[in-house]
Every structure is written in structure tokens, then in C-alpha cells.
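Good morning, and thank you for coming. I ask you to look at the model on the screen while I go through its interior spaces, its charged contacts and a part of its surface.

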Amino acid sequence: MNAPVHADLTGRTALVTGGSRGMGEAIARALAAAGADVALTYERSRERAEAIAEELTGSGRRALALAADSADADAVQAAVDRTVATFGRLDIVINNAGIFPYGPVEESSLEEIDRTIAVHVRAPFLAVRAAVPHLGRGGRIITIGSNLAERAAFGGIALYVMSKAANNGLTRALARELGPRGITVNLIQPGSTETDMNPAVGESADEQRGFMALGEYGSVDDIAAAVVFLAGDSGRQITGATLTIDGGANA
């Protein structure tokens, strides 16, 4: 089921990183359903990403699947460049690509630390740096973070939490810097959301539900609907904000 459409994004172009699965796929579909042309990046899921792009094209949108590992600085820049070259514009940037390092802090390898920071911190910054020259008034930058950045509910997630917490500072600073140019910058922090990486029937699912006021996993469509709302005219006065969608886990 696609997320409800809360905006008319006809004539606008969006770039969604990590758009071949889970939240990224739902976001790409929802933006297209609202009228946007969509470029989506993938790291390994080429067939899936191209199938999504083909489906969106068949629905009347223009769509493009781009191979881009968000840990590769050149690939992040190239994804923005190819989006602009293909569609002639860029209006909406969704920093969604992510990984989930887990384990005791003393077992974290330098490679794992560097990759996590590259994907969660450096890549969003580089995507914005590359996109800003193309964003006009009404431009939107939305980063998908994590509710764990504000409440580390269990052990083994120090690296993940550290990297996701950086999104908050980046969002606020960019909102201040880009506000005079009419560009909004916001952060969405999902909680436990059903995806193949975190299924609602997974080993830790009951424990995660125990943290929530509502006691129920979220849907990727919940996140996609919030993205579409912020990307449209309804979000024009919202910037530097953090929207936590976690069933009340951080309440």
C-alpha cells in the first residue's frame, strides 16, 4: 500500500538515497504518487532498483535508478550530478541510506567506524553540498535519522547512535544557513518500523514493542507520508525540526 498523498509535487524532482528497499522504496513511491520525478540510489540491489524505476515510469513519472554506495564520496556527488543532468533540476533531497552496526564498543573495528560515519554523517553532508547549488526557493532537504539518537534504549548501539545523533546538529545548522534562500531542512526519526532489516516478527520485536506507548510497529508508509507532507507546500514553514515517529517509544 502506498502512503497517502498530502501534497502536489508535480513538476518537481527528488533524489532518494537508499531507495531500493524498505523506507527508501516507500518514500520514492510516495513522492512519485504525489507527482514528483524520482531518482533513487542503490548499493547492491540493482534489479530491484531498476524494477522500481520502471514501475514509476510506467505510472507516468520520470524515474532513474543510480548505483551509488553512500560510503563513496565520489558516488554521492555523481548521484546528484546525474539527477540534475537527467531531469534538468533538483528540488527535494532525501538522505535515507543507512546501515545498522551493532555490538560491544570494544569490538568495533576501525573499518566499521569509518563506514558508519561515512554513510550516516559524511554522505548527507556531501549530498547537500552537491545539491544546494541546484535548489531554488521551495527546496527541501529531509534526512531519515533514528529515534535511538535521543534514547539509547539498549546496549551495543553506541556507534549507530553517535552517527545518527549528528543528523540533528546538521539539520539545525543547515536550516539556519539555508533558510534565507527559501530551502527547508528537516529530520525524521523513525522508531521500530517493519522492514526486512527489522521485521515485526523478529527475534527482538517483542522487546522493541515493550518500549512503545502504542505497542505497535510502524509502517514504512508512515514515514513516507511524513516525507511527502514536509516536501510539499504544507511544509513550507517547517524547518530545523525533528519529527519522531516511533509509537511513543521516546515519550
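I shall begin with the enclosed spaces, then turn to a pocket, the salt bridges and the surface.

Please keep in mind throughout that this is a predicted model.

Let us start inside. How many cavities of 30 Å³ or more does a search of the whole structure find? The search finds three. The largest cavity holds about 40 Å³ of space. Its lining is made by L15, T17, T41, A68, S70, V76, A79, V80 and A127. Which helix gives the most to this lining? That is helix α3, residues 73-87, with three residues. By class, the lining of the largest cavity has six nonpolar residues, three polar ones and no charged ones.

I move to the second largest cavity, where the space is also given as about 40 Å³. Around this cavity stand N95, N96, A97, V119, H120, P124, T143, I144, K164 and N167. Three elements give two or more residues to that lining, namely α4 (110-131), β5 (140-144) and α5 (158-178). Of these, α4 has the largest share, with three residues. The lining of the second largest cavity comprises four nonpolar residues, five polar residues and one charged residue.

Next, a pocket. The second largest pocket has a volume of about 150 Å³. Thirteen residues line this pocket, and those that lie nearest its centre are G103, P104, V105, S108 and L159. Helices α4 and α5 each supply at least two residues of the pocket lining. You will recall that α4 and α5 also give two or more residues each to the lining of the second largest cavity. As to character, the pocket lining divides into eight nonpolar, three polar and two charged residues.

I now come to the charged contacts. The structure holds twelve salt bridges, and I shall describe some of them.

Please find helix α1, residues 22-33. Here R29 forms a salt bridge with E25, and the closest N and O atoms are 3.0 Å apart. How many residues apart are R29 and E25 in helix α1? They are four residues apart, so about one helical turn separates them. Are the two partners buried or exposed? R29 has a relative accessible area of 14% and is buried. E25, at 13% relative accessibility, also counts as buried.

A second bridge is found in helix α2, residues 46-58, where R46 and E50 both lie. Their side chains meet in a salt bridge at 3.1 Å, N to O. R46 and E50 are likewise four residues apart, about one turn of the helix. E50 is partly exposed, with a relative accessible area of 36%.

The third example joins D69 and R115, whose side chains meet in a salt bridge at 3.3 Å, N to O. Where do these two residues lie? D69 lies in the loop between β3 (63-67) and α3, while R115 lies in helix α4, so the pair ties together parts that are 46 residues apart in sequence. D69 counts as partly exposed at 24% relative accessibility. R115, at 28%, counts as partly exposed as well.

Some salt bridges share partners, and in this way E25, R29, R48 and E55 are joined into one network. The bridge between R29 and E25, described a moment ago, involves two of these residues.

Let us turn to the surface. Which residues make a nonpolar surface patch of about 350 Å²? The patch is made by F100, Y102 and M197. F100 is found in the loop between β4 (92-95) and α4. With a relative accessible area of 38%, F100 is partly exposed.

One last residue deserves a place on your map of the model. R12 is found in the segment before β1 (13-16). At 14% relative accessibility, R12 counts as buried. A distance helps to place R12 relative to N95: their C-alpha atoms are separated by 17 Å, and the two residues are 83 residues apart along the chain. N95 has already been named, as one of the residues that line the second largest cavity.

To close, I return to helix α4. It gives three residues to the lining of the second largest cavity, supplies at least two residues of the lining of the second largest pocket, and holds R115, the partner of D69. Thank you for your attention.

Conventions
Residues numbered from 1 in each chain as written. Predicted model: local features only at pLDDT ≥ 70, side-chain atom pairs only at ≥ 80, totals over all residues. Heavy atoms only, no water. 1 Å grid on protein atoms, 1.4 Å probe; cavity = no way out; pocket = protein on both sides within 12 Å on 5 of 7 lines; lining within 4 Å. Points joined across faces, edges and corners; volume = space filled by probe spheres on them. Nonpolar A, V, L, I, M, F, W, Y, C, P; charged D, E, K, R; others polar. Salt bridge = Lys/Arg side-chain N within 4 Å of Asp/Glu carboxyl O. Buried < 20%, exposed > 50% of the residue type's maximum accessible area, 1.4 Å probe, protein only. Patch = residues over 30% accessible without salt bridge, like charges linked within 9 Å, V, L, I, M, F, W, Y side chains within 5 Å. Areas by Shrake-Rupley, 256 points an atom, 1.4 Å probe, with all protein chains shown as cover.
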